Amino acid sequence: MARSEIFPVSGLIVSCQALEHEPLHGGDTMAKMARAAVQSGAIGIRTNGVHDILMIKKEVDVPVIGLIKRDIPGSSVFITPTLDEVKAIVIAGADIVALDVTNREGRLEAVKPLIAWAHEMGAAVMADISTLEEGLAAESLGVDFIGTTLAGYTLYSTQQEGPDFELLEQLCAKVSVPVVAEGRIWTPEEAAKALACGATYVVVGSAITRPQLITERYVKALYTQRA
Ligand SMILES: CC(=O)N[C@H](C=O)[C@@H](O)[C@H](O)[C@H](O)COP(=O)(O)O
């Protein structure tokens with residue numbers, strides 16, 4: 001089986017992430033989120049950190065995309081920045097390692113040994129990119145999946161409130177590895193549109209697993225209506 005065929009079908013991947021400062025951080029909360037997602041048809045889970053990767057791998061039987069967010073002083077790269085994180089993710093049992101493949105700080109060169117190590121260990125690699133050029137570079141680096149995860153999160157990529165469908169369409173037309181639509185997808189209609197644009201997988205995170213952000217949207221809507 002090719003590494004990019006790890007998901008038997010295309011569909012929804014739910015991102016279950018709560019950082020230390022978020023209310024749902026810790027314990028088995030993300031594992032329960034993952035169970036709820038899989039129960040209702042999610043074909044995969046994306047999650048952050050060794051603790052949640054371990055818990056989720058025990059809890060559900062679908063492929064897990066693992067990442068480790070780490071801030072390094074003076075650097076903007078925070079999704080799986082070094083080989084240490086790649087090793088921790090693979091050892092924790094993730095099937096796919098997600099990492100930053102953006103064109104900043106010499107990352108397109110620095111990421112090569114990270115991809116090679118994950119592949120040697122039998123794990124697939126998902127490149128989190130922010131522009132079409134980065135997507136093309138990621139494909140030539142041999143990654144197995146390309147996600148629009150960082151579109152709008154690098155200074156030079158298009159900044160917008162909703163998902164970057166334009167980038168998604170361009171990417172799907174130009175690369176032959178499966179494309180993952182990810183980032184600011186808030187409605188089922190947007191998720192369906194992402195598939196129509198050519199994405200093979202759609203990652204939805206905050207809209208499903210970050211109740212504080214979901215609540216905030218409702219509260220904002222109520223006050224906007226009253227004003
Ligand atoms: C930019 C960044 O740090 N994205 C992270 C990547 O793993 C997560 O915080 C997001 O929740 C994930 O990408 C899913 O996106 P959304 O939560 O918008 O559906």
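Two strands are taken to pair if DSSP finds at least two bridges between them. In the predicted model described here, 8 strands close into a barrel in the order S1-S2-S3-S4-S5-S6-S7-S8, and the pairing is parallel. The twist from one strand to the next averages 25°.

The bridge pattern was examined along consecutive strands of the barrel, beginning with S2. Strand S2, residues 44–48, is joined to strand S3, residues 64–67, in the parallel sense over 4 bridges; within this pair, Arg46 has Ile65 of S3 as its bridge partner. S3 and S4 are likewise parallel and are linked over 2 bridges, with Val97 of S4 serving as the bridge partner of Gly66. The connection between these strands passes through helix H3, and S3, H3 and S4 make a right-handed β-α-β unit. On the other side, S4 pairs with strand S5, residues 124–128, in the parallel sense over 5 bridges, and Leu99 stands opposite Ala127 in S5.

Strand S4, residues 96–100, is mostly covered, as 5 of its 5 residues are buried. Burial extends to both faces of S4: Ile96, Ala98 and Asp100 lie on one side, and Val97 and Leu99 on the other. The bridge partner of Gly66, Val97, thus belongs to the face of S4 that also carries Leu99.

The helices around the barrel were considered next. Helix H1, residues 29–39, lies across strands S1 (11–16) and S2, and runs at about 165° to S1. In helix H2, residues 50–59, the buried positions are Asp52, Ile53, Met55, Ile56 and Lys57. The cover over these buried residues of H2 includes the strands S1, S2 and S3 together with the helices H1 and H3, the latter spanning 83–92. An α-helix has 3.6 residues a turn, so residues three or four places apart point the same way. In helix H6, residues 132–140, the buried set consists of Leu132, Glu134, Gly135, Ala137, Ala138 and Glu139. These residues of H6 pack against helix H4 (107–110), strand S5, strand S6 (145–147) and helix H7 (165–174). Just after H6, Gly142 adopts a positive phi of about 90°.

Two residues other than glycine also have positive phi values. Most residues other than glycine have a negative phi, and most peptide bonds are trans. Glu105, located in the loop between S4 and H4, has a phi of about 55°. Because 15 other C-beta atoms lie within 10 Å of its own, Glu105 is classed as partly exposed. Arg184, for which phi is near 60°, is placed in the loop between strand S7 (179–182) and helix H8 (188–196). Arg184 has 18 C-beta neighbours inside 10 Å and therefore counts as partly exposed too.

Arg184 also takes part in the surroundings of the ligand. The ligand is surrounded by 15 residues, of which the closest are Ser15, Tyr153, Arg184, Gly205 and Ser206. Strand S8 (201–204) and helix H9 (206–209) are the elements that give two or more residues to this shell. By residue class, the shell around the ligand divides into 7 nonpolar, 6 polar and 2 charged residues.

Definitions and conventions:
Residues are numbered from 1 along each chain as its sequence is written. This is a predicted model: local features need pLDDT of at least 70, side-chain atom pairs count only at pLDDT 80 or more; totals for chains, interfaces and linings use all residues. Axes are lines fitted to C-alpha atoms, for helices over the stretch in contact, and angles run from 0 to 180 degrees between N-to-C directions. Two residues are in contact if their C-beta atoms, placed from the backbone, lie within 7 Å. A residue is near a molecule or strand if its C-beta atom, placed from the backbone, lies within 6 Å of it. Ala, Val, Leu, Ile, Met, Phe, Trp, Tyr, Cys and Pro count as nonpolar, Asp, Glu, Lys and Arg as charged, and the others, Gly among them, as polar. A residue is buried if 20 or more other C-beta atoms lie within 10 Å of its own, exposed if 12 or fewer, and partly exposed in between; C-beta atoms are placed from the backbone. A crossover is right-handed if, with the strands pointing away from the viewer, the path from the first strand over the helix to the second runs clockwise.
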